[in-house]
Structures are given as C-alpha cells and as structure tokens.
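Dear colleague,

Please find below the structure that I am handing over to you. My findings follow after it.

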Amino acid sequence: MLIDYLPFWIANYLAAWLFLVLTIALMGGFPVTFTMMGTSFLFGLIGLPVSFFDLLPLRMWGIMNNTMLMAVPLFIFMGLALERSGLARALLETMEELFQNVRGGLAISVVLVGALLGASTGIVGATVVTMGLMSLPTMLKHKYSKSFAAGTVAASGTLGQIIPPSIVLLLLGPVMEVPIGDMFMGAVIPGMILVVLYCLYIWLSTFFGTKHVPAAQKKHAEFNKTFILKIFKALIPPLFLILAVLGTIFAGIATPTESGAMGAVGAVILTAMNKKLSFKLLHEVAKGTIKMTCMVFIIIMGASCFALVFRGLGGDDLLREFIASMNLDGWQLVAMVMVFIFILGFFLDFIEITYIHIPIIAPIVVNYGYDPLWFGILFAVNLQTSFMTPPFGPSLFYLKGVCPPEIKTTDVYKGIIPFVFLQLVGLTIIALWPSLVTWLPGVVYGD
C-alpha cells in the first residue's frame, strides 16, 4: 500500500489529514457530496486495502433500509404545501392585530407566527421567505429600523429548526441513536425558551429609547365577536396540523414516518380549504420535495463514505487519544465541543456538520456519562445558530432574496447579532439545566 512509503507524521495521522483536507475543501466552496466521497476514496486508497471498500455498499443499503429517513420527504412536502396554502398570511395579519396593544407588539407577533409556522412546517427556507415577504414591509412602515426588522424576521423563521417537527431533529436523532419522538419531545421546552427570550428582548427594547423599535402602536384591538372568530379561524389550521403531526407522535399513536404522512395529507387539506389547491401547485410542491430530498440523501451517502474511511483509518482512536491527552473534565469537553460546533456553523451547512462531525464527537461525549438526548438537543440549538451566522448563514440569503431594496446585506448582518447572542444564552440555560430537555420525555414516555 502507498502508506508504507509515507513519512511517519503523515502515515500515523491519515485520519486527521483526511478531516483537515475535507474541512478546507468544504470551506473553499467545493460541492459537498463529491468532496466527501473524493477525499474519502483518495485517503482510503492510500491507507487501506481496496477490499475495505466492499463494506461501502452494505452501508449504503443500510441507509436505504432506514425507515426513519422516509419521514424526510414527507415533512418537506408538508412544509412546501403549507407555504403555498395562504395560511401564514392570515395568521400573521391576525396576530399583528392581536398584539397591537403590546409594546413592540408587531415584532412579537412576527416571532410567535414564526414559532407556529416552524411547528407546522419544520423548513427554515419556506418560513423565512414567507415571513420576509409579508412582515418586512409592514415592520418598516411602522418605523422599525431596517436592521431590527431584518434580524427579527430571520430569527423568527429559524425557530423551525429547533421547534419540532424540525428537519434538524429528524436527521440528528438517528445519528445520536435517540428515538425521534424523544428528540421532538425534548426540544419543546428549549424551543419555547428561545421564543420567550426573543419576545422579552423586543419588549424590553421599547423601554430604553432605542431608535430600532417604536414604543407602542396607536391602534388598539377590539375584542368583539368578529375579531375573536377571526383569531380562531387563523389559529385552528396550524394547531390542527401540529396536533396531527406532533400529537400522534407524542401519544404513541404513530411513528414519525406515519405522522409525516398525516402532516402531508393535512397540508393538502388546508390548501384545499383555502381554495389554493391545483394540479400546478401539487406539481411545484412535488418537484421541490424531490429536489430537497435528493440533496439531503446524497449528502448522507457522501457522509457515510467519509465515516467508513475515517473509522477505517483509526480516526476514532486518534480523536480519543487527543482528548485524553488534554486531561479535560466533562464540562470542559462539552464547552470545547460547543465552541467548535458554533465556529463550524459560520462555514458549513447543518447537514454537513450533522453527518461529518457529530458522529465522531458524540460517542466520546456520551462516554463521559452525559445523556445523549440532552446532548443531542444541545447540538440542535447550537446548529440553529449556523442558519444565522455570516458569511454562509442560509436564513440570511433566503431573507436577502426577498428583502425590499432599501434593506442592504449589512442591515441583515447587524440585525441578527442580538438574536445570535440570545441563542447562545438559551444554549447556556439548557446546558446548565439538563432537566429542561429530559423532564418532558420522562413524563410522557416514562424514565
């Protein structure tokens, strides 16, 4: 093998070189899947016998047989169908009117609608684009600053990545070897903590004479019979979908895959009720679902190839030896990992981090005695920040694509800074009180 002719400092650390070359190539903008497979095959042929790759088809077959991953296209279909149903616009207009009496009420209503849409769709792109098109012009009209309005919309749309049914949680569960139902249930309270932190920050901002947030709205909502009926009509559809998806999982009636199918059917029903259903719409939704699903699964295939070669080159042992040499206690290790994942989020997509770095890091941390469910939710909250951190935060690009022309990229970047800080505060709270994650699954499913 070629490894016999390499210097000691290369031959004994091939796994580390593989990891380094892959990370640099991804940061350089090379296609994710081809980079993972190409570097893996290159280093595998250098350090491993050719027969080692006979294991690769078995791993691919294992992925294809994973029934939990069948839920991915179903949840994507649900989110895309719901985006086109007109539900979000009715919900935002009603919540906007409801919170007119509250200081910073419009921005708070945007956060709450973002949370409800996140719990209904689980897809960040759809939520951010929808919220940007509807709420940004309204916030600017009500004298919110450009940066504050952009930051609020981007952060609110990103809540769908921690509030179940989140695609991040759906992909992270099998990697962490934690049931999807537990992941969904464990993320409920952390998601609510972020919503409360966002709303509290907006409300407090109105008391400090800030130029970013108007102190109060001039109009006041009248709670008559007509308005109350309007609130029910706006809230019932998303609550119906949330109950159909999450309620059946939490009650043990359906698996995540089955509930994803119910959610997809429910989204089509709501679209029909809003008189938006057509063959053209279904064709567009199906086409978008196929594109997004193919992207996710081809990345999973590439990540599987990388994981096989990394472990074959002794990468797991090398990493354990490196961590052992640092003499870290449990909390120091958790803190170091969280900082590492946070920095990676500036440059890499959450799917890449989930399937490349977390399978390597998670077993080591779990071996220190930490609950994999708690640690998985910590990862999810940390990964959520990657959607809003420049230069490659997807939410920022989604939002900039639908922003009014007067909002510049710098306004979007400035606006998300306080919300990234609030996410880190939420991450710290969850780290210090693990029961915020483990209590609800324990109550529902038993310890």
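To begin with the first helix pair, the crossing of α4 and α15 is right-handed. Please bear in mind throughout that the model is predicted. Helix α4 covers residues 55-64 and helix α15 residues 279-312; their axes come within 10 Å and cross at roughly 135°. Since angles over 145 degrees would count as roughly antiparallel and those from 65 to 115 as roughly perpendicular, α4 and α15 are therefore oblique to each other.

On the α4 side, the contact is made by Leu55, Leu56, Arg59, Met60, Ile63 and Met64, which meet Ile300, Met301, Ser304, Cys305, Ala307, Leu308 and Arg311 of α15. By character, the residues of this contact of α4 with α15 comprise ten nonpolar, one polar and two charged.

Helix α15 itself has 34 residues, and the distance from its first C-alpha to its last is 49 Å, close to the 50 Å expected at 1.5 Å a residue. Just after α15, Gly314 adopts a positive phi of about 80°.

The second pair consists of helix α9 (residues 146-158) and helix α21 (residues 409-432), which pack at an angle of about 60° with their axes 7 Å apart. That angle makes α9 oblique to α21. The crossing of α9 past α21 is right-handed.

In this pair, Lys146, Ser147, Ala150, Gly151, Thr152, Ala154 and Ala155 of α9 meet Asp411, Val412, Lys414, Gly415, Ile416 and Phe419 of α21. The residues of the contact of α9 with α21 are six nonpolar, four polar and three charged.

How does the length of α9 agree with what its 13 residues should span? At 1.5 Å a residue, α9 should span 18 Å, and its end C-alpha atoms are indeed 18 Å apart. Helix α9 is also mostly covered, with twelve of its 13 residues buried. Among the buried residues of α9 are Phe148, Ala149, Val153, Ser156, Gly157 and Thr158. Several residues that α9 brings to its contact with α21, including Ser147, Ala150, Gly151 and Thr152, are likewise buried.

Two individual residues may also be of interest to you. Thr35 is found in helix α3, which covers residues 32-47. Because its relative accessibility is 9%, Thr35 counts as buried, the cut-off being under 20%. Apart from its neighbours within four places in sequence, Thr35 is in contact with Leu22, Ala25, Leu26 and Phe30.

Phe375 lies in helix α19, residues 372-385. With a relative accessibility of 0%, Phe375 counts as buried. Not counting residues up to four places away in sequence, Phe375 touches Met176, Val334, Val337, Met338, Ala362 and Val365. Phe375 and Val437 are 62 residues apart in sequence, and their C-alpha atoms are 9.3 Å apart in space.

Finally, I turn to the chain as a whole. The secondary structure of the protein chain comes to 22 helices and zero strands. The protein chain has 447 residues, of which 55% count as buried. Among contacts between residues at least 6 apart in sequence, 80% join residues at least 24 apart.

Yours sincerely

How values were computed. Residues are numbered from 1 along each chain as its sequence is written. This is a predicted model: local features need pLDDT of at least 70, side-chain atom pairs count only at pLDDT 80 or more; totals for chains, interfaces and linings use all residues. Side-chain values use heavy atoms; hydrogens and water are left out. Axes are lines fitted to C-alpha atoms, for helices over the stretch in contact, and angles run from 0 to 180 degrees between N-to-C directions. Helices (H or I, at least four residues) and strands (E, at least two) are DSSP runs, numbered from the N terminus. Angles under 35 degrees count as roughly parallel, over 145 as roughly antiparallel, 65 to 115 as roughly perpendicular and the rest as oblique. A crossing is left-handed if the near helix is turned anticlockwise from the far one by less than a right angle, and right-handed if clockwise. Contact means heavy atoms within 4.5 Å. Ala, Val, Leu, Ile, Met, Phe, Trp, Tyr, Cys and Pro count as nonpolar, Asp, Glu, Lys and Arg as charged, and the others, Gly among them, as polar. The expected span of a helix is 1.5 Å times one less than its number of residues. Buried means under 20% relative accessible area, exposed over 50%, partly exposed in between (1.4 Å probe, protein chains only).
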